[in-house]
Amino acid sequence: MKLVISADELHSLIEKKGMNLLIVDARPYAEYAQGHIPGAVNIDLMQFHWIDTSQEGIRQFNRQSKMLLSNIGVSKNRFVVFYDNVSGPSAARGVWLLLYFSHSKVAMLDGGLEGWKAKYGTETKTNPFRHAKFEGRPDPKILADYKTIRSAMKNKRTVILDARSKEEYDGTAVRAARAGHIPKAVNIDWNDNVHGPQFKDSEELAQMYSKMPKDAEIITYCQGGYRAANSFVVLKMLGYENVRMYLGSWGEWGNRQDLPVSK
(Lines give C-alpha, C1' and ligand atoms only; values in the text may rest on other atoms or scores of the structure.)
Protein backbone atom coordinates (compact mmCIF):
# COMPACT_ATOMS: atom_id res chain seq x y z
CA MET A 1 0.00 0.00 0.00
CA LYS A 2 1.75 3.17 -1.21
CA LEU A 3 0.16 6.03 0.70
CA VAL A 4 2.70 8.70 -0.22
CA ILE A 5 3.70 9.71 -3.76
CA SER A 6 6.23 12.19 -5.11
CA ALA A 7 5.59 15.24 -7.26
CA ASP A 8 7.05 13.38 -10.25
CA GLU A 9 4.69 10.45 -9.68
CA LEU A 10 1.68 12.75 -9.41
CA HIS A 11 2.73 14.59 -12.56
CA SER A 12 2.91 11.26 -14.41
CA LEU A 13 -0.60 10.39 -13.23
CA ILE A 14 -1.91 13.72 -14.48
CA GLU A 15 -0.28 13.12 -17.87
CA LYS A 16 -1.88 9.68 -18.27
CA LYS A 17 -4.89 9.80 -20.56
CA GLY A 18 -8.02 8.21 -19.16
CA MET A 19 -6.66 8.23 -15.59
CA ASN A 20 -9.61 8.49 -13.23
CA LEU A 21 -7.79 10.91 -10.92
CA LEU A 22 -9.10 13.29 -8.27
CA ILE A 23 -6.64 15.77 -6.76
CA VAL A 24 -7.81 17.37 -3.52
CA ASP A 25 -6.24 20.52 -2.11
CA ALA A 26 -6.91 20.18 1.62
CA ARG A 27 -5.86 23.72 2.56
CA PRO A 28 -8.01 26.78 3.34
CA TYR A 29 -9.68 28.29 0.27
CA ALA A 30 -7.74 31.55 0.61
CA GLU A 31 -4.51 29.61 0.04
CA TYR A 32 -6.03 27.53 -2.76
CA ALA A 33 -7.10 30.71 -4.57
CA GLN A 34 -3.53 32.01 -4.58
CA GLY A 35 -2.31 28.98 -6.52
CA HIS A 36 -2.84 25.23 -6.63
CA ILE A 37 -2.00 22.12 -8.61
CA PRO A 38 -3.80 22.23 -11.99
CA GLY A 39 -7.14 20.45 -11.86
CA ALA A 40 -7.31 20.25 -8.06
CA VAL A 41 -10.54 20.81 -6.16
CA ASN A 42 -10.52 22.35 -2.70
CA ILE A 43 -11.93 21.23 0.63
CA ASP A 44 -10.46 22.56 3.88
CA LEU A 45 -10.45 19.34 5.89
CA MET A 46 -9.48 21.21 9.06
CA GLN A 47 -13.07 22.45 9.14
CA PHE A 48 -14.41 18.91 9.44
CA HIS A 49 -13.13 17.86 12.84
CA TRP A 50 -15.00 15.51 15.15
CA ILE A 51 -14.79 15.08 18.92
CA ASP A 52 -17.75 12.81 19.69
CA THR A 53 -16.91 9.11 19.54
CA SER A 54 -20.02 7.84 21.27
CA GLN A 55 -21.97 5.27 19.28
CA GLU A 56 -24.32 7.95 17.96
CA GLY A 57 -21.39 10.29 17.34
CA ILE A 58 -19.66 7.75 15.11
CA ARG A 59 -22.91 7.07 13.26
CA GLN A 60 -23.25 10.77 12.49
CA PHE A 61 -19.56 11.02 11.55
CA ASN A 62 -20.03 8.22 9.02
CA ARG A 63 -23.11 9.86 7.54
CA GLN A 64 -21.61 13.32 7.22
CA SER A 65 -18.27 12.00 5.94
CA LYS A 66 -20.01 10.15 3.12
CA MET A 67 -21.88 13.33 2.18
CA LEU A 68 -18.64 15.31 2.11
CA LEU A 69 -16.77 12.69 0.05
CA SER A 70 -19.67 12.42 -2.38
CA ASN A 71 -19.77 16.18 -2.81
CA ILE A 72 -16.09 16.48 -3.70
CA GLY A 73 -16.39 13.64 -6.23
CA VAL A 74 -14.92 10.55 -4.58
CA SER A 75 -16.23 7.39 -6.23
CA LYS A 76 -15.30 3.72 -6.15
CA ASN A 77 -12.91 3.74 -9.11
CA ARG A 78 -11.23 7.12 -8.63
CA PHE A 79 -7.66 7.41 -7.41
CA VAL A 80 -7.61 10.26 -4.92
CA VAL A 81 -4.53 12.33 -4.05
CA PHE A 82 -4.66 14.79 -1.16
CA TYR A 83 -2.11 17.51 -0.62
CA ASP A 84 -1.25 20.21 1.88
CA ASN A 85 1.43 22.93 1.89
CA VAL A 86 3.91 20.27 3.06
CA SER A 87 3.61 16.58 3.97
CA GLY A 88 1.12 17.76 6.55
CA PRO A 89 -1.81 16.80 8.76
CA SER A 90 -4.70 17.84 6.48
CA ALA A 91 -3.57 15.68 3.57
CA ALA A 92 -2.90 12.79 5.95
CA ARG A 93 -6.40 13.18 7.40
CA GLY A 94 -7.78 12.76 3.88
CA VAL A 95 -5.80 9.55 3.43
CA TRP A 96 -6.94 8.18 6.78
CA LEU A 97 -10.56 9.11 6.03
CA LEU A 98 -10.65 7.18 2.75
CA LEU A 99 -8.87 4.18 4.27
CA TYR A 100 -11.46 4.22 7.04
CA PHE A 101 -14.13 3.93 4.37
CA SER A 102 -12.26 1.01 2.73
CA HIS A 103 -11.14 3.10 -0.27
CA SER A 104 -7.56 1.97 -0.89
CA LYS A 105 -6.99 4.06 -4.04
CA VAL A 106 -5.63 7.00 -2.10
CA ALA A 107 -2.32 8.75 -1.42
CA MET A 108 -0.93 12.04 -0.22
CA LEU A 109 1.64 14.18 -2.01
CA ASP A 110 5.05 14.12 -0.35
CA GLY A 111 6.29 17.69 0.03
CA GLY A 112 2.84 19.10 -0.63
CA LEU A 113 2.51 22.23 -2.75
CA GLU A 114 5.97 23.42 -1.73
CA GLY A 115 7.52 20.32 -3.24
CA TRP A 116 5.29 20.54 -6.32
CA LYS A 117 6.20 24.17 -7.05
CA ALA A 118 9.90 23.33 -7.04
CA LYS A 119 9.33 21.48 -10.33
CA TYR A 120 5.90 22.21 -11.76
CA GLY A 121 3.46 25.06 -12.31
CA THR A 122 0.22 26.03 -10.62
CA GLU A 123 -3.10 27.64 -11.56
CA THR A 124 -5.46 30.02 -9.77
CA LYS A 125 -8.86 29.20 -11.29
CA THR A 126 -11.38 27.41 -9.07
CA ASN A 127 -12.24 23.89 -10.21
CA PRO A 128 -15.82 22.76 -9.59
CA PHE A 129 -16.80 19.59 -7.77
CA ARG A 130 -18.20 16.71 -9.79
CA HIS A 131 -20.67 15.09 -7.42
CA ALA A 132 -20.47 11.31 -7.00
CA LYS A 133 -22.25 8.75 -4.87
CA PHE A 134 -19.70 7.51 -2.38
CA GLU A 135 -20.65 4.23 -0.72
CA GLY A 136 -17.50 3.28 1.18
CA ARG A 137 -17.81 0.76 4.01
CA PRO A 138 -16.46 1.87 7.40
CA ASP A 139 -13.53 -0.17 8.71
CA PRO A 140 -13.67 -0.06 12.52
CA LYS A 141 -10.17 -1.58 12.75
CA ILE A 142 -8.50 1.77 12.01
CA LEU A 143 -10.71 4.02 14.13
CA ALA A 144 -10.52 4.21 17.90
CA ASP A 145 -13.16 5.71 20.16
CA TYR A 146 -12.80 6.70 23.81
CA LYS A 147 -13.89 3.23 24.93
CA THR A 148 -11.13 1.68 22.80
CA ILE A 149 -8.61 3.93 24.54
CA ARG A 150 -9.84 2.96 28.01
CA SER A 151 -9.31 -0.70 27.13
CA ALA A 152 -5.94 0.01 25.50
CA MET A 153 -4.65 1.59 28.72
CA LYS A 154 -4.89 -1.86 30.33
CA ASN A 155 -3.37 -3.79 27.42
CA LYS A 156 0.40 -4.27 27.51
CA ARG A 157 0.47 -5.03 23.78
CA THR A 158 -1.06 -1.70 22.80
CA VAL A 159 0.93 1.52 22.35
CA ILE A 160 -0.87 4.85 22.64
CA LEU A 161 1.02 7.47 20.61
CA ASP A 162 0.56 11.16 21.37
CA ALA A 163 1.48 13.14 18.23
CA ARG A 164 1.17 16.55 19.89
CA SER A 165 3.91 18.90 21.06
CA LYS A 166 5.90 18.22 24.24
CA GLU A 167 4.15 21.18 25.89
CA GLU A 168 0.68 19.81 25.17
CA TYR A 169 1.77 16.36 26.34
CA ASP A 170 3.21 17.51 29.66
CA GLY A 171 0.33 19.88 30.36
CA THR A 172 2.07 23.25 30.10
CA ALA A 173 0.08 24.08 26.94
CA VAL A 174 -3.63 23.85 27.70
CA ARG A 175 -6.09 23.25 24.84
CA ALA A 176 -9.01 21.62 26.67
CA ALA A 177 -10.77 21.74 30.03
CA ARG A 178 -7.93 19.61 31.39
CA ALA A 179 -4.25 19.53 30.49
CA GLY A 180 -1.89 16.60 30.13
CA HIS A 181 -2.06 13.35 28.24
CA ILE A 182 -3.80 9.99 28.14
CA PRO A 183 -2.27 7.66 30.75
CA LYS A 184 0.33 5.29 29.25
CA ALA A 185 0.75 7.44 26.10
CA VAL A 186 4.21 8.03 24.64
CA ASN A 187 4.99 11.32 22.90
CA ILE A 188 6.50 11.69 19.43
CA ASP A 189 5.67 15.09 17.92
CA TRP A 190 4.34 14.76 14.38
CA ASN A 191 6.67 17.61 13.35
CA ASP A 192 9.52 15.15 13.75
CA ASN A 193 8.08 13.15 10.83
CA VAL A 194 9.10 15.84 8.34
CA HIS A 195 12.26 17.61 7.29
CA GLY A 196 11.52 20.74 5.32
CA PRO A 197 8.38 20.12 3.28
CA GLN A 198 8.89 16.36 2.90
CA PHE A 199 8.75 13.28 5.08
CA LYS A 200 12.09 12.14 6.44
CA ASP A 201 13.54 9.09 4.73
CA SER A 202 12.36 5.68 5.87
CA GLU A 203 15.55 4.91 7.82
CA GLU A 204 15.23 8.05 9.95
CA LEU A 205 11.53 7.42 10.55
CA ALA A 206 12.15 3.76 11.44
CA GLN A 207 14.73 4.86 14.02
CA MET A 208 12.27 7.36 15.53
CA TYR A 209 9.64 4.68 16.03
CA SER A 210 12.01 1.80 16.75
CA LYS A 211 10.78 1.30 20.33
CA MET A 212 7.33 0.40 19.05
CA PRO A 213 7.06 -3.33 18.25
CA LYS A 214 5.88 -4.07 14.72
CA ASP A 215 3.37 -6.60 16.04
CA ALA A 216 1.83 -4.22 18.59
CA GLU A 217 -1.45 -2.40 18.20
CA ILE A 218 -0.73 1.32 17.96
CA ILE A 219 -3.32 4.04 18.49
CA THR A 220 -2.40 7.60 17.53
CA TYR A 221 -4.04 10.75 18.84
CA CYS A 222 -3.48 14.51 18.96
CA GLN A 223 -5.91 17.39 19.54
CA GLY A 224 -8.39 16.75 16.74
CA GLY A 225 -7.21 13.78 14.67
CA TYR A 226 -5.03 15.56 12.09
CA ARG A 227 -1.49 15.37 13.44
CA ALA A 228 -2.42 11.87 14.58
CA ALA A 229 -3.40 11.05 10.99
CA ASN A 230 0.07 12.14 9.86
CA SER A 231 1.68 9.74 12.33
CA PHE A 232 -0.82 7.06 11.27
CA VAL A 233 0.34 7.40 7.64
CA VAL A 234 4.00 7.27 8.66
CA LEU A 235 3.48 4.10 10.68
CA LYS A 236 1.66 2.46 7.76
CA MET A 237 4.54 3.49 5.48
CA LEU A 238 6.94 1.78 7.87
CA GLY A 239 5.02 -1.48 7.71
CA TYR A 240 3.02 -1.35 10.92
CA GLU A 241 -0.19 -3.24 10.20
CA ASN A 242 -2.31 -2.78 13.32
CA VAL A 243 -2.66 1.01 13.54
CA ARG A 244 -5.70 3.02 14.59
CA MET A 245 -6.38 6.71 15.03
CA TYR A 246 -8.39 8.03 17.96
CA LEU A 247 -10.85 10.26 16.13
CA GLY A 248 -11.97 12.32 19.14
CA SER A 249 -8.40 12.81 20.37
CA TRP A 250 -7.70 15.35 23.13
CA GLY A 251 -10.61 17.51 22.00
CA GLU A 252 -12.86 14.79 23.38
CA TRP A 253 -10.69 13.16 26.07
CA GLY A 254 -9.46 16.37 27.67
CA ASN A 255 -12.97 17.81 27.90
CA ARG A 256 -14.55 14.79 29.58
CA GLN A 257 -14.38 14.76 33.35
CA ASP A 258 -14.96 10.98 33.54
CA LEU A 259 -11.74 10.02 31.73
CA PRO A 260 -8.31 9.79 33.40
CA VAL A 261 -5.48 12.23 32.65
CA SER A 262 -1.74 12.13 33.37
CA LYS A 263 0.78 14.95 33.51
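This passage looks at a parallel sheet, the helix α1 and a buried glutamate in a predicted model. Residues are numbered from 1 along each chain as its sequence is written. In this predicted model, local features need pLDDT of at least 70 and side-chain atom pairs count only at pLDDT 80 or more, while totals for chains, interfaces and linings use all residues; side-chain values use heavy atoms, with hydrogens and water left out.

The open sheet has 5 strands in the order β1-β5-β4-β2-β3, with parallel pairing (strands are DSSP runs of E, at least two residues, numbered from the N terminus; two strands pair if DSSP finds at least two bridges between them). Because β1 and β3 (41-42) stand at the edges with a single partner strand each, one side of each is left without a neighbour in the sheet. Between the parallel strands β2 and β3 there are 2 bridges, and aspartate 25 stands opposite asparagine 42 in β3.

Helix α1 spans residues 7-15 (helices are DSSP runs of H or I, at least four residues). Its buried residues (under 20% relative accessible area, 1.4 Å probe, protein chains only) are Ala7, Leu10 and Leu13. They lie on the same side of α1, because they cover an arc of only 120° around the axis, taken from the directions from the helix axis to the C-beta atoms. Their cover includes β1, β2, β4, β5 and α5.

Glutamate 252 belongs to helix α10 (residues 249-253). Glutamate 252 is buried yet has no salt bridge (a side-chain nitrogen of Lys or Arg within 4 Å of a carboxyl oxygen of Asp or Glu); the nearest side chain of opposite charge, arginine 256, is 4.4 Å away (Lys and Arg count as positive, Asp and Glu as negative; His and the chain ends are not counted). Leaving aside neighbours within four places in sequence, glutamate 252 is in contact (heavy atoms within 4.5 Å) with Ile51, Asp52, Thr53, Ser54, Tyr146 and Tyr246.

Methods
Buried means under 20% relative accessible area, exposed over 50%, partly exposed in between (1.4 Å probe, protein chains only).
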